[in-house]
Amino acid sequence: MSVQAIIEHKLSQGLNIVQLDIENESHMHSGPATESHFKLVLVSDDFNGKRLVQRHQLIFGLLKDEMSNPIHALSMHLYTAQEWQARQQQAPTSPECLGGSKG
């Protein structure tokens, strides 16, 4: 099972998801790893009443095994359904990597 599929499975099992988008951004970064950098856009009413740090902690808890390896970087954009509607269902774009041999 791919790392992306594992992420999707674990998040789907642990949260009531309205929308889930996982993008493998490893190609934007230097190094040989092909599944190490991900962008996560997740909409869930499980985030209602939670501060951003609490939302991140929830995701880190669900993905704790993958966060130690193989995931090197996880960009998280976490919204309630109401917040997502207010953003017109748009998440920020990822910047180009300037690290390693890309810089």
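Leu42 touches a set of residues remote in sequence. Not counting residues up to four places away, its partners are Leu11, Leu15, Ile17, Gln19, Leu20, Phe47, Ile59, His77, Leu78 and Tyr79. The model is a predicted one. Leu42 belongs to the largest nonpolar core, a group of 15 residues. Ile7, Leu11, Leu40, Leu42, Ile59 and Leu74 touch the most other members of that core. Which elements give two or more residues to it? They are helix H1 (3-14), strand E2 and strand E3 (73-79). In soluble globular proteins, nonpolar side chains tend to be buried together.

Ile59 approaches the core from helix H2, which covers residues 52-62. Is Ile59 buried or exposed? Its relative accessibility is 0%, so Ile59 counts as buried. Beyond its neighbours within four places in sequence, Ile59 is in contact with Leu11, Leu15, Leu40, Leu42, Phe47, Leu74, Met76 and Leu78. Ile59 also lies 9.0 Å from Gly14, C-alpha to C-alpha, although 45 residues separate the two in sequence.

Now step back to the whole chain. The protein has 4 helices and 3 strands. From the N terminus on, their order is α-β-β-α-α-β-α. Of the 103 residues, 31% count as buried. Among contacts with a separation of 6 or more, 63% join residues 24 or more positions apart. The protein exposes about 6200 Å², and carbon and sulfur atoms supply 48% of that area.

Charged side chains come next. Side chains of opposite charge can pair when their charged atoms come close. How many salt bridges does the structure hold? There are 3. Lys10 and Asp65 form one of them, at 3.8 Å from N to O. This pair links distant parts of the chain, with Lys10 in helix H1 and Asp65 in helix H3 (residues 64-68), 55 residues apart. Lys10 also meets Glu66 in a salt bridge, here at 2.9 Å from N to O. Lys10 lies in helix H1 and Glu66 in helix H3, so this pair ties together parts 56 residues apart in sequence. Lys10, Asp65 and Glu66 are thus linked in a network of salt bridges.

Burial varies across this network. Lys10 has 25% relative accessibility, so Lys10 counts as partly exposed. Asp65 is partly exposed because its relative accessible area is 48%. Glu66, at 9% relative accessibility, counts as buried.

Arg55 and Glu83 form a salt bridge elsewhere, their closest N and O atoms being 2.7 Å apart. The pair links helix H2, which holds Arg55, to helix H4 (residues 81-86), which holds Glu83, across 28 residues of sequence. Arg55 is buried, with a relative accessible area of 7%. Glu83 is partly exposed, at 31%.

Finally, turn to Lys39 in strand E2, residues 37-44. Lys39 is buried yet has no salt bridge. Why does Lys39 have no salt bridge? The nearest side chain of opposite charge, Glu25, is 4.8 Å away, and a salt bridge needs the nitrogen and oxygen within 4 Å. What does the side chain of Lys39 reach at 2.5 Å? The partner is the backbone oxygen of Pro92. Leaving aside neighbours within four places in sequence, Lys39 is in contact with Asp21, Ile22, Glu23, Glu25, Ser75, His77, Pro92, Thr93 and Ser94.

Methods: Residues numbered from 1 in each chain as written. Predicted model: local features only at pLDDT ≥ 70, side-chain atom pairs only at ≥ 80, totals over all residues. Heavy atoms only, no water. Buried < 20%, exposed > 50% of the residue type's maximum accessible area, 1.4 Å probe, protein only. Lys, Arg positive; Asp, Glu negative; His and termini not counted. Polar contact = N/O pair within 3.5 Å; in protein donor to acceptor, adjacent residues only side chain to side chain. Contact = heavy atoms within 4.5 Å. Core = buried A, V, L, I, M, F, W, Y, C linked by side-chain atoms within 4.5 Å. Areas by Shrake-Rupley, 256 points an atom, 1.4 Å probe, with all protein chains shown as cover.
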